[in-house]
Amino acid sequence: MDRIRIVGGNELAGTIPISGAKNAALPLMIASLLTDDTLTLENVPHLADVEQLIRILGNHGVDYSVNGRREKQQEGYSRTINFSARNIVDTTAPYELVSKMRASFWVIGPLLARMGEAKVSLPGGCAIGTRPVDLFLEGLQVLGAELDVDNGYVMAKTKNGRLIGNRYVFPKVSVGATHVLMMAASLAKGETVLENAACEPEIVNLAECLIAMGAKIHGAGTSTITIHGVEALSGARVRVIPDRIETGTYAMAVAMTGGDVMLAGARPDLLQTALDVLVETGAEITPTNEGIRVKRNGAGIAPVDVTTAPFPAFPTDLQAQFMGLMSMAKGKSRITETIFENRFMHVQELARLGAHITLSGQTAIVDGVAKLKGAPVMATDLRASVSLVIAGLAAEGETTVNRVYHLDRGFERLEEKLSGCGAVIERISG
Ligand SMILES: CC(=O)N[C@H]1[C@@H](OP(=O)(O)OP(=O)(O)OC[C@H]2O[C@@H](n3ccc(=O)[nH]c3=O)[C@H](O)[C@@H]2O)O[C@H](CO)[C@@H](O)[C@@H]1O
Ligand SMILES: C=C(OP(=O)(O)O)C(=O)O
């Protein structure tokens with residue numbers, strides 16, 4: 001199994017290109033199931049989750065082709081991919097494929113809306129909480145789906161071949177359930193109003209895609225989304241937004257090691273709260289035409305309390321990385337996780353690097369130390385893994401991060417991007 005070896009202590013300086021967002025690319029790819037035309041997606045990141053979803057979509061009959069391979073379309077880089085679901089050959093998403101990735105469950109929305117039926121295994125994904133699917137099921141039932149859960153599968157069908165628009169108030173904000181209901185409602189008969197919907201930028205990117213495909217959607221990016229269902233959707237060409245979590249992660253790495261890095265192609269509006277918090281810690285953040293410049297010189301890291309919450313608040317997907325940063329702050333900070341009940345698995349691994357963190361329910365109290373020391377550590381999930389990488393970059397000596405496959409789910413060319421800015425980091429195969 002591959003490992004990442006880091007020798008910490010170097011400041012980061014240079015440019016890091018920000019890739020297309022994993023969490024936007026996945027729902028856009030799934031939207032290809034809604035049409036028999038070609039959906040062309042630009043800036044699709046080269047990640048294990050994207051490859052896995054290509055396999056899952058392929059199982060339903062979706063063909064794909066990568067546009068050219070010259071220059072930026074090289075292996076390993078974000079690229080333009082055409083998806084064509086002309087013939088859906090299978091409406092079952094099997095356990096072997098779906099269990100590897102949470103978002104693959106989302107095929108249930110488009111399959112049901114276009115084909116009138118779907119049989120989808122209950123999902124897997126990062127081990128960060130129980131992650132039920134009750135809101136997806138309740139919302140689809142409100143749109144007229146008949147559902148049965150048996151043997152680990154959700155069996156769904158429409159009553160008369162088509163879903164029916166309706167009003168659904170999410171009892172809790174869910175990104176995935178908002179994606180699924182927005183896709184399903186796009187082909188339903190009549191109007192759907194989704195209230196207390198997720199407002200994340202990835203929802204807006206999916207709505208832009210659906211609108212380009214001919215859907216009638218208003219209000220995406222606010223908590224009320226109105227969708228007037230249409231008979232059929234067409235092909236379109238849409239660009240995946242830059243990855244705000246990758247952006248925040250590298251910004252926190254620079255805040256931790258010190259240095260001066262341009263995050264090229266990053267958009268500040270996608271993570272303003274996290275950037276504001278970084279400014280409070282003492283980092284200098286400058287939006288430019290090229291992206292976001294992050295700098296920290298001289299002075300230490302100030303402790304700042306954060307609480308994760310749905311967009312536009314501080315994202316849960318940056319909580320582990322921020323804890324890494326706070327572990328070297330000059331004083332105590334409190335980090336409260338409100339989205340997932342089990343997202344503190346990085347605490348004991350950060351402690352192996354010398355961090356002082358205690359847990360009190362859903363709050364971590366981080367007592368900053370002057371220095372961290374390298375050690376072998378084990379990643380438990382995607383964002384936890386990268387928090388160990390950035391802590392390793394700031395630690396004295398050598399850190400090895402095991403279970404690199406978690407990182408490969410969500411960070412494109414991580415070692416290359418960081419070593420290009422002066423970090424000593426390499427992948428050890430086998
Ligand atoms: C592929 C992708 O985009 N993943 C992101 C997505 O995950 P995902 O879409 O799975 O996260 P949700 O927004 O659905 O989850 C939020 C909370 O709602 C709960 N819930 C959700 C659905 C449901 O039917 N019932 C229920 O109780 C979840 O357990 C969690 O506690 O949003 C999360 C929250 O920003 C991010 O951390 C993930 O990186
Ligand atoms: C939790 C994440 O992914 P997933 O929802 O696919 O598990 C993530 O991207 O941080």
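This report describes the domains, two sheets and the ligand shell of a predicted model.

## Domains and their contact

The domain assignment divides the protein into domain 1 (3-19 + 242-428) and domain 2 (22-239). Their C-alpha centres are 30 Å apart. Where the two domains meet, domain 1 contributes 20 residues to the contact and domain 2 contributes 17 residues.

On the domain 1 side of this contact, helix α13 (residues 405-410) gives the largest share, with 4 residues. By residue type, the side of domain 1 that touches domain 2 consists of 7 nonpolar, 4 polar and 9 charged residues.

## The sheet with β1

One open sheet has 4 strands, arranged in the order β22-β23-β1-β24, and its pairing is mixed. The edge positions are taken by β22 (376-378) and β24 (424-428); each of these has a single partner strand, so one side of each has no neighbour in the sheet. From one strand to the next, the twist averages 20°.

Strand β1 (residues 3-8) pairs with β24 in the antiparallel sense, over 5 bridges. Within this part of the sheet, Arg-5 is placed opposite Glu-426 of β24. Helix α12 (residues 382-394) lies across three strands, β1, β22 and β23 (397-402), and runs at about 30° to β1.

## The sheet with β2

Another open sheet also has 4 strands and mixed pairing, in the order β2-β15-β17-β16. Here the edges are formed by β2 (12-17) and β16 (284-287), each with a single partner strand, so one side of each is left without a neighbour in the sheet. If direction is ignored, neighbouring strands of this sheet are turned by 10° against each other on average.

The edge strand β16 pairs with strand β17 (residues 291-296) in the antiparallel sense, over 4 bridges. Thr-286 stands opposite Arg-293, a residue of β17.

## The shell around ligand 1

Ligand 1 is surrounded by 20 residues. The closest of them are Asn-23, Leu-135, Ser-174, Val-175 and Gly-176. Three helices, α1 (22-31), α5 (134-142) and α6 (175-186), each supply at least two residues of this shell.

Both domains take part in the shell: domain 1 (3-19 + 242-428) and domain 2 (22-239) each provide at least three residues. Sorted by type, the shell around ligand 1 holds 10 nonpolar, 5 polar and 5 charged residues.

Terms used
Residues numbered from 1 in each chain as written. Chains lettered and ligands numbered in written order. Predicted model: local features only at pLDDT ≥ 70, side-chain atom pairs only at ≥ 80, totals over all residues. Near = placed C-beta within 6 Å. Nonpolar A, V, L, I, M, F, W, Y, C, P; charged D, E, K, R; others polar. Domains from an automatic or database assignment. Pairing = 2+ DSSP bridges. Axes fitted to C-alpha atoms, helices over the stretch in contact; angles between N-to-C directions. Contact = placed C-beta atoms within 7 Å.
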